[in-house]
Amino acid sequence: MEKWKKILKYPLIWLFALFIFGFALWDILTPSREFSEMENRMLQQSPPFSLKSLMAKGEQAYTRKYEKYINDQFVLRDGWITLKSYGESALGKIENNNVAFGKDGYLFEKVFSVDEENLSANLKYMEEFLDKYPDLPVTFSVIPNAYTVLTEKLPAGFAAVSVDQNQRIGELYSRLEGKSSHLKLLELSPVLLEHQEEYIYYRTDHHWTTYGAYLAYGEYVRSLGLEPVPWGELEPHEVEGFYGSFDAKAKKAGTLPDVITWFDIPCRVEVNQQPVDFLHDLSRFEVRDKYSGLMHGNQALTVLYSQCNQNQQEGKTSRVLVVKDSYGNSFAPYLCYNFDEVYVIDLRYLGKMSAVLTDMDLAFDDVLILYNFMNFTTDTNIPKLRY
């Protein structure tokens, strides 16, 4: 009895210990999530252990992946992010969760450095891919992220401390230049800068808008000697109330929502070799991650069989292959106006590049490798180009 009396003299300590133990148990018993709708990204899963991964460095290191796994799967993660964001916003901060508050409601991710080791490896994989397919016509294009283009919207001092993407993209192109006689390097910064006063990137999200993607599409098809479909001939449909990935991180009070514009481009669609009824998944426009409705989101293989190719030739089937990240979801549908068949792959979900280039025994007029700068520097799936 005396022992219990001594214990009960410190109830706060025991309550705190019970809270810590209970929270840890709750965290252990909570199943891992694969995707965060709030952050609009895949979450790290428990990495397999091996001596090789333990000794690895950079993003491939076991310890780095396990630390990210713990952070991504922490119980009530979305609630803690929201609470932190609102608290810091109430204190008058001009940034939160590595997202800075720009002019006219624009949010910008702060980028202070580049994973040089991963970037160098990805360029090496690109070179190996070009060596493996020496006769394949390839176009490589890196999309600059919003802060590189929307310079008038940036908060004071932002550009001075951020990675100079235009310079780094130029360096990437210089390294790959001349690696293949069939390689074209497509610069997108000039056309995007020319239209920087227009709605070409979302305010609250890391993607470009469908108009920004249209401008890039025009540059691409013109580089192939083709003409883009006129913007004015497309019939727009709008989805309002879109709050993107930057908003999910920053939770800034009074954030202005974005508008997603989509088009009903005539084509027959297969997603992972299964036919679907429509080019876009309209049901996804009702959830938070509305961008995922475009072209059914990120899939291993999507094929668009055009019914509107303005360059159709009798007895010839023109094909283009687009290797992309999520920026490509608003880009690829326009290609139906210039090709009979548009193959779109996402290496995050496709096992190997040869599954399309070799196993399907198809001839492509061009292979477009299209990534936004930040994703190309961090993506760990680029090695699949070689397989």
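**Exercise 1. The surroundings of S318**

Leaving aside its neighbours within four places in sequence, which residues is S318 in contact with? Place S318 in the chain and decide whether it is buried or exposed.

*Solution.* Remember throughout that this is a predicted model.
- Step 1: Locate the residue. S318 sits in the loop between β12 and β13 (319-324).
- Step 2: List the contacts, skipping neighbours within four places in sequence. They are N309, N338, F339, D340, E341 and D365.
- Step 3: Check the accessibility. S318 has a relative accessibility of 10%. Buried means under 20%, so S318 counts as buried.

**Exercise 2. A salt bridge between two strands**

Which residue forms a salt bridge with R319, and how far apart are the closest N and O atoms? Find the strands that hold the pair.

*Solution.*
- Step 1: Find the partner. R319 pairs with E341, and their closest N and O atoms are 2.7 Å apart.
- Step 2: Apply the cut-off. A salt bridge needs the nitrogen within 4 Å of the carboxyl oxygen. The R319 and E341 pair, at 2.7 Å, passes.
- Step 3: Find the strands. R319 is in strand β13, while E341 is in strand β14 (residues 341-345). The two are 22 residues apart, and the pair links distant parts of the chain.
- Step 4: Check burial. R319 has a relative accessible area of 15%, so R319 is buried. E341 is buried too, with 13%.
- Step 5: Look back at Exercise 1. E341 is also one of the contacts of S318.

**Exercise 3. Two salt bridges that involve helix α6**

Where do K124 and E128 lie, and how many residues apart are they? Then describe the salt bridge of R175 and E127.

*Solution.*
- Step 1: Take K124 and E128. Both belong to helix α6 (residues 116-132). They are four residues apart, about one turn of the helix.
- Step 2: Check the distance. The closest N and O atoms of K124 and E128 are 3.3 Å apart, and the two form a salt bridge.
- Step 3: Check exposure. K124 is partly exposed at 35% relative accessibility. E128 is partly exposed at 29%.
- Step 4: Turn to R175 and E127. Their side chains meet in a salt bridge of 3.2 Å, N to O. This pair links distant parts of the chain: R175 is in helix α9 (residues 165-176), E127 is in helix α6, and 48 residues separate them.
- Step 5: Check exposure again. R175 is partly exposed, with 30% relative accessible area. E127 is buried, with 16%.
- Step 6: Count the total. The structure has 17 salt bridges.

**Exercise 4. Two cysteines**

How many disulfides does a search of the whole structure find? Explain the result for C267 and C336.

*Solution.*
- Step 1: State the count. The search finds zero disulfides.
- Step 2: Take C267. The nearest cysteine sulfur is that of C336, 4.2 Å away.
- Step 3: Apply the cut-off. A disulfide needs two cysteine sulfur atoms within 2.5 Å, so C267 and C336, at 4.2 Å, do not qualify.
- Step 4: Check burial. C267 counts as buried at 15% relative accessibility. C336 counts as buried at 0%.

**Exercise 5. The loop between β2 and α3**

Is P47 buried or exposed? Is F49 buried or exposed?

*Solution.*
- Step 1: Locate both. P47 lies in the loop between β2 and α3. F49 is in the loop between β2 (41-42) and α3 (51-55).
- Step 2: Compare with the cut-offs. P47 has a relative accessible area of 9%, so P47 is buried. F49 has 51%, and exposed means over 50%, so F49 counts as exposed.
- Step 3: Find what P47 touches. Leaving aside neighbours within four places in sequence, P47 is in contact with Y62, K65, Y66 and Y69.
- Step 4: Add a distance. The C-alpha atoms of P47 and T63 are separated by 9.1 Å, with the residues 16 apart along the chain.
- Step 5: Find the patch. F49 joins L51, L54 and M55 in a nonpolar surface patch. Together they have about 470 Å² of accessible area.

**Exercise 6. Positive phi**

What is the phi of N272, and what is the phi of M295?

*Solution.*
- Step 1: Recall the rule. Most residues other than glycine have a negative phi.
- Step 2: Take N272. Its phi is positive, about 55°. N272 lies in the loop between β10 (267-271) and β11 (274-276), and is partly exposed at 33%.
- Step 3: Take M295. Its phi is positive, near 50°. M295 is in the loop between β11 and β12 (301-306), and counts as buried at 1%.

Key
Residues numbered from 1 in each chain as written. Predicted model: local features only at pLDDT ≥ 70, side-chain atom pairs only at ≥ 80, totals over all residues. Heavy atoms only, no water. Buried < 20%, exposed > 50% of the residue type's maximum accessible area, 1.4 Å probe, protein only. Patch = residues over 30% accessible without salt bridge, like charges linked within 9 Å, V, L, I, M, F, W, Y side chains within 5 Å. Areas by Shrake-Rupley, 256 points an atom, 1.4 Å probe, with all protein chains shown as cover. Contact = heavy atoms within 4.5 Å.
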